[in-house]
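I opened this notebook to record, step by step, what I looked up in the structure shown below.

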Amino acid sequence: METYNQRASTSQSRRDNFQDTALGLVSTLSFPAIVGTADMMLKSAGVYLVGYEKIGGGHCTAIVRGNIADVRLAVESGVQTAEQFGQLVSSLVIARPFPNLDIVLPIASRLSQFTGDGYSRLSNTAIGLVETRGFPALVGAADAMLKAADVQLAAYEKIGAGLCTAIIRGTVANVAVAVEAGMFEAERIGELNAVMVIPRPLDELEQTLPVASCWIEERQPLRLPVNIKEKEQVAEVEMVGLPDLAKLPVKIVEE
């Protein structure tokens, strides 16, 4: 009887931990669209971005956690943003999810990992995403973006169905110019699927992207170990004087 009461008490305490929290999901058909949707969800309500789930065929889902009211507002904003991109697939809000759901599915809360106000310290930077169908178009678009403006190619993302996304970093103006150049080059080579420019992203959004930790480091000079062995005895060298070149006879060849 005592064991049963202990189990019931543990189960009740786990449910109480999730009493005022909610889980929100918004799904789109492209990676740039889901990043832009997640950015809007974070900026519209006090929610935390757990991450993205990519299940192939271009389907991507942004997962957020927070209290019920904030999650509902964030999902509503995310749905409106995804509809503006024409990429919305579905959305869901689950109030007070059970711990078993978190254990089995990749939707675990990261509330304890976040501190501070969440705003990016790099307030003048931006993220640019260009998604193409086909790898040659992606490579051509990335090359055009790097040559068009002062940006850095941080990473690329594959989500299935031939869709791949180039991710760049730089100032807001440079990213906007680079993305425009990448769009034209992708359309010239193959198929352009989606583009996105996110100015002043939050730190939390950057932590979920491969671009967050992929800064290009400057090359450092290679330092090789040099072993200089000094001779114990150095032989004395006799100094030899060189003749004056001006006084040397010059041989004249007569024709």
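My opening question was whether I103 counts as buried, partly exposed or exposed, and what its relative accessibility is. I103 counts as exposed because its relative accessibility is 67%, where buried means under 20% relative accessible area, exposed over 50% and partly exposed in between, with a 1.4 Å probe and protein chains only.

Before going further I noted that this is a predicted model, in which local features need pLDDT of at least 70 and side-chain atom pairs count only at pLDDT 80 or more, while totals for chains, interfaces and linings use all residues. I also noted that residues are numbered from 1 along each chain as its sequence is written, and that side-chain values use heavy atoms, with hydrogens and water left out.

I placed I103 in helix α4, residues 99-104, helices being DSSP runs of H or I with at least four residues and strands runs of E with at least two, numbered from the N terminus.

Next I turned to the aromatic rings and found 2 aromatic pairs in the structure; rings of Phe, Tyr and Trp (its six-membered ring) pair if their centres lie within 6.5 Å, and planes under 30 degrees apart count as stacked, over 60 as edge-to-face and the rest as tilted. The rings of F31 and Y52 have centres 5.9 Å apart and planes at 70 degrees, so I entered this pair as edge-to-face. The pair links distant parts of the chain, since F31 belongs to helix α2 (residues 31-44) and Y52 to strand β2 (residues 48-56), 21 residues apart. I listed F31 as buried because its relative accessibility is 1%, and Y52 as buried too, with a relative accessible area of 14%.

I then asked which residues touch the most other members of the largest nonpolar core. Among its 30 residues these are F31, V35, L49, Y52, L129 and L205, a nonpolar core being a set of buried Ala, Val, Leu, Ile, Met, Phe, Trp, Tyr and Cys residues joined through side-chain atoms within 4.5 Å. Helix α2 gives the largest share of this core, 6 residues.

Last, I looked up backbone angles, keeping in mind that most residues other than glycine have a negative phi. R96, which is not a glycine, has a positive phi of about 50 degrees, and I found R96 in the loop between β4 (88-95) and α4. R200 likewise has a positive phi, near 50 degrees, and lies in the loop between β8 and α7 (203-207). I marked R96 as partly exposed, at 43% relative accessible area, and R200 as partly exposed, at 45% relative accessibility.
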